[in-house]
Amino acid sequence: NAGTEADVYISVYGERGDTGSRQLLRSQKSKKFLKGQTDIFSVQAVHLGCLYKIVIGHNGLGSGNGWFLDKVVIKDPVTDLDYTFLCHRWLDQGQDDGNIARELPVTDASTFPGRQELELKRERTWAAEKWKFQKGITLQFYNKLTHGFICLYPDGRVDALGDKKNKYGKVFSMWMYA
């Protein structure tokens with residue numbers, strides 16, 4: 001019962017305006033909005049620039065009108081960007097919070113400025129630090145409260161008391177001046 005027979009409407013919002021409410025009429029599937037199904041629609045609109053939110057909902061009419069929406073992905077044919085709007089909630093008067101419309105902000109990382117640079121930094125950091133998480137490595141963290149080392153052992157044991165005389169533990173002090 002996660003699909004709907006109700007009429008579904010969407011409004012897309014971007015930096016240059018919005019589409020207004022548009023009914024999603026013709027899917028590439030013979031029956032629209034079935035449980036577990038991905039429906040694809042074409043919506044004609046002027047180019048809205050970078051998208052930042054959508055409002056999606058239905059009219060609540062028809063038998064079994066409640067609908068569980070996982071996500072909406074909009075492909076911009078001008079920029080070739082995909083915008084993802086996560087929902088993972090019911091649009092149903094008898095489920096969840098009873099709303100049949102939702103405002104969803106964009107969650108697609110490609111729309112955030114500097115995303116590629118951040119991703120590259122993350123990859124470089126992981127490449128430099130991943131050795132710490134290889135099999136057989138013991139991780140140690142200095143605990144300022146106990147002045148000892150907390151050890152995470154490869155077999156899953158944790159020594160939270162901290163041995164103050166751990167011969168493998170070193171404490172470094174660092175001062176930085178700007």
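The exercises below, each with a worked solution, concern a predicted model of one protein chain.

**Exercise 1. Chain overview**

Work out how many helices and strands the protein chain holds, and in what order the elements run.

Solution. Begin with the count, which gives one helix and 10 strands in the protein chain. Next, follow the chain from the N terminus, where the elements run β-β-β-β-β-β-β-α-β-β-β. Finally, turn to burial: of the 178 residues in the protein chain, 28% are buried.

**Exercise 2. The largest pocket**

Describe the largest pocket by its volume, its lining and the elements that contribute to that lining.

Solution. The volume of the largest pocket comes to about 1,200 Å³, and 36 residues line this pocket, with F41, V72, V73, I74 and K75 lying nearest its centre. Two or more residues of the lining are given by each of the elements β1 (8-14), β4 (51-58) and β5 (67-75). The largest share belongs to β5, which supplies nine residues. As to chemical class, the lining of the largest pocket divides into 22 nonpolar, eight polar and six charged residues.

**Exercise 3. The second largest pocket**

State which residues line the second largest pocket, and how they divide by class.

Solution. The space in the second largest pocket is about 170 Å³. Its lining consists of R22, Q23, L24, L25, R26, F41, S42, V43 and Q44, and by class these are four nonpolar, three polar and two charged residues. A check of both linings shows that F41, one of the residues nearest the centre of the largest pocket, also lines the second largest pocket.

**Exercise 4. A salt bridge between two strands**

Locate E103 and K53, and decide for each whether the residue is buried or exposed.

Solution. The general idea is that side chains of opposite charge can pair when their charged atoms come close. Here E103 forms a salt bridge with K53, with the closest N and O atoms 3.4 Å apart. Because E103 lies in strand β7 (residues 101-105) and K53 in strand β4, the pair ties together parts that are 50 residues apart in sequence. For accessibility, apply the cut-offs of under 20% for buried and over 50% for exposed. E103 has a relative accessibility of 54% and therefore counts as exposed, whereas K53, with a relative accessible area of 18%, is buried.

**Exercise 5. Further salt bridges**

Give the closest N and O distances for the pairs R89 with D97 and D80 with K75, and describe the accessibility of these residues.

Solution. The structure holds six salt bridges. In one of them, R89 pairs with D97, and the closest N and O atoms are 3.2 Å apart. R89 has a relative accessible area of 33%, so this residue is partly exposed, and D97 is likewise partly exposed, with a relative accessible area of 39%. Salt bridges that share partners join K75, D80 and D82 into one network. Within that network, D80 forms a salt bridge with K75, the closest N and O atoms being 3.0 Å apart, and both D80 and K75 are exposed.

**Exercise 6. A nonpolar surface patch**

Identify which residues make the nonpolar surface patch, and place L152 in its element.

Solution. The patch is made by F141, L152 and V158 and covers about 260 Å². Of these residues, L152 is found in strand β9 (residues 148-152). The relative accessibility of L152 is 31%, so L152 counts as partly exposed, and this value is also over the 30% that patch residues must exceed.

How values were computed. Residues are numbered from 1 along each chain as its sequence is written. This is a predicted model: local features need pLDDT of at least 70, side-chain atom pairs count only at pLDDT 80 or more; totals for chains, interfaces and linings use all residues. Side-chain values use heavy atoms; hydrogens and water are left out. Patches are made of residues with over 30% relative accessible area and no salt bridge: like charges are joined within 9 Å, nonpolar side chains (Val, Leu, Ile, Met, Phe, Trp, Tyr) within 5 Å. Accessible areas come from the Shrake-Rupley method with a 1.4 Å probe; for residues, only the protein chains shown count as cover. A salt bridge is a side-chain nitrogen of Lys or Arg within 4 Å of a carboxyl oxygen of Asp or Glu. Helices (H or I, at least four residues) and strands (E, at least two) are DSSP runs, numbered from the N terminus. Buried means under 20% relative accessible area, exposed over 50%, partly exposed in between (1.4 Å probe, protein chains only). On a 1 Å grid over the protein atoms alone, a cavity is a set of points where a 1.4 Å probe fits but cannot get out, and a pocket is an open set with protein on both sides within 12 Å along at least five of seven lines; lining residues have an atom within 4 Å of a point. Grid points are joined across faces, edges and corners, and a volume is the space filled by probe spheres set on the points. Ala, Val, Leu, Ile, Met, Phe, Trp, Tyr, Cys and Pro count as nonpolar, Asp, Glu, Lys and Arg as charged, and the others, Gly among them, as polar.
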